[in-house]
Amino acid sequence: MEALKIIVAIFILALASSLTLASDPSPLQDFCVAVNDPKGSVFVNGKFCKDAKLAKANDFYFSGLNIRKNTSNTFGSTVTPVNVAQMPGLHTLGISMVRIDYAPNGGLNAPHTHPRASEILVVLEGTLHVGFVTSNPDNHLISKVLYPGDVFVFPVGLIHFQYNIGNTYAVAFAGLSSENPGVITIANAVFGSSPSTDADILAKAFNLDRKMVKNLQSEF
């Protein structure tokens, strides 16, 4: 089973790499390990590059995706990212990945978007109801129930979700076509913005009572 998980993870990254032309620009060098120190470094695609001669194996390494994460939170899920922030060697390569753990009986990776990446997800454990919604004017829901070994794609920028409909823990891995895909959780952005969006605006947009909007904002 462990060998299968490793193979799946490599497979995800290989598939995600084919999508990079639609997202991050292609590199003009072998690699560009991101560093925070601008001294003696070249600035490429938003980050400074370490001298290639000083690159180490750990710049291209991350450990711990085999560990189940705590899902005792509001949504019953935890996302463990491996992007350029965790692995500086990913800079300019146009790929990243995540592990997602879901609590039994309703663990939810809440509706969200990745503004800079498409996502390809594979289920390793459990049963997930997944889906995405197309853009205006159709707003068509495309969804499916996934089982271990099943793969599903979420196109760049579209709102999507995963929901554990089983009574056991679920685990999925996903590859994304950007070193820094970004994430916008819809409920957090709408009702939890800082400063708060005017309640009258949200009340009209969602056809809700203003008091209800204020209550929702207080939850975020």
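Residues are classed by relative accessible area as buried (under 20%), exposed (over 50%) or partly exposed (in between), with a 1.4 Å probe and protein chains only. By this scale R68, at 40% relative accessibility, is partly exposed. The structure is a predicted model, in which local features need pLDDT of at least 70 and side-chain atom pairs count only at pLDDT 80 or more, while totals for chains, interfaces and linings use all residues. Residues are numbered from 1 along each chain as its sequence is written, and side-chain values use heavy atoms, with hydrogens and water left out.

The protein chain contains four helices and 13 strands; these are DSSP runs numbered from the N terminus, with helices being H or I runs of at least four residues and strands being E runs of at least two. Of its 220 residues, 40% are buried. The exposed surface of the protein chain comes to about 12300 Å², and carbon and sulfur atoms supply 59% of this area. Accessible areas were computed by the Shrake-Rupley method with a 1.4 Å probe, and for residues only the protein chains shown count as cover. Among contacts (heavy atoms within 4.5 Å) with a separation of 6 or more in the protein chain, 71% are between residues 24 or more positions apart.

Nonpolar cores were then examined. In soluble globular proteins, nonpolar side chains tend to be buried together. A nonpolar core is taken as a set of buried Ala, Val, Leu, Ile, Met, Phe, Trp, Tyr and Cys residues joined through side-chain atoms within 4.5 Å. The largest such core has 17 residues, and the members that touch the most others are Y102, L121, L128, V130, L146, F152 and F154. Strands β5, β7, β8, β10 and β12 (170-176) each give two or more residues to this core. Strand β12 provides the largest share, four residues. Another core, of 10 residues, lies apart from it and includes L90, V122, L124 and F173.

Aromatic pairing was searched over the whole structure, giving five pairs. Rings of Phe, Tyr and Trp (its six-membered ring) pair if their centres lie within 6.5 Å, and the planes count as stacked at under 30 degrees, edge-to-face at over 60 and tilted for the rest. One of the pairs is F132 with F152, tilted, with 6.1 Å from centre to centre and 50° between the planes. Because F132 lies in strand β8 (residues 128-133) and F152 in strand β10 (residues 151-154), this pair ties together parts 20 residues apart in sequence. Both rings are buried, F132 at 8% relative accessibility and F152 with a relative accessible area of 12%. Another tilted pair is formed by F191 and F206, at 5.5 Å centre to centre and 40° between the planes. Here F191 belongs to helix α2 (residues 186-191) and F206 to helix α3 (residues 199-206), so that distant parts of the chain, 15 residues apart, are linked. F191 is buried, with a relative accessible area of 11%, whereas F206 is partly exposed at 42%. Ring pairs also join F132, F152 and F154 into a cluster.Charged side chains were considered next. Side chains of opposite charge can pair when their charged atoms come close. With a salt bridge defined as a side-chain nitrogen of Lys or Arg within 4 Å of a carboxyl oxygen of Asp or Glu, the count is four. One of these joins K50 and D59, whose closest N and O atoms are 2.9 Å apart. K50 is partly exposed, with a relative accessible area of 23%, while D59 is buried at 10%. A salt bridge is also formed by the side chains of E125 and R68, at 3.2 Å from N to O. This pair links distant parts of the chain, 57 residues apart, with E125 in strand β7 (residues 119-125) and R68 in the loop between β3 (47-49) and β4 (77-82).

The salt bridge between R99 and D101 has an N to O distance of 2.8 Å. R99 is buried, with a relative accessible area of 4%, and D101 is buried at 1%. D101 lies in strand β5 (residues 96-102). The side chain of D101 also makes a polar contact with the side chain of R99, at 2.8 Å; a polar contact is a pair of N or O atoms within 3.5 Å, where within protein one must be able to donate a hydrogen and the other to accept it, and residues adjacent in sequence count only if both atoms are side-chain atoms. A polar atom of the D101 side chain lies 3.5 Å from the backbone nitrogen of K69. Leaving aside neighbours within four places in sequence, D101 is in contact with I67, R68, K69, T71, G76, S77, T78, A170 and V171.
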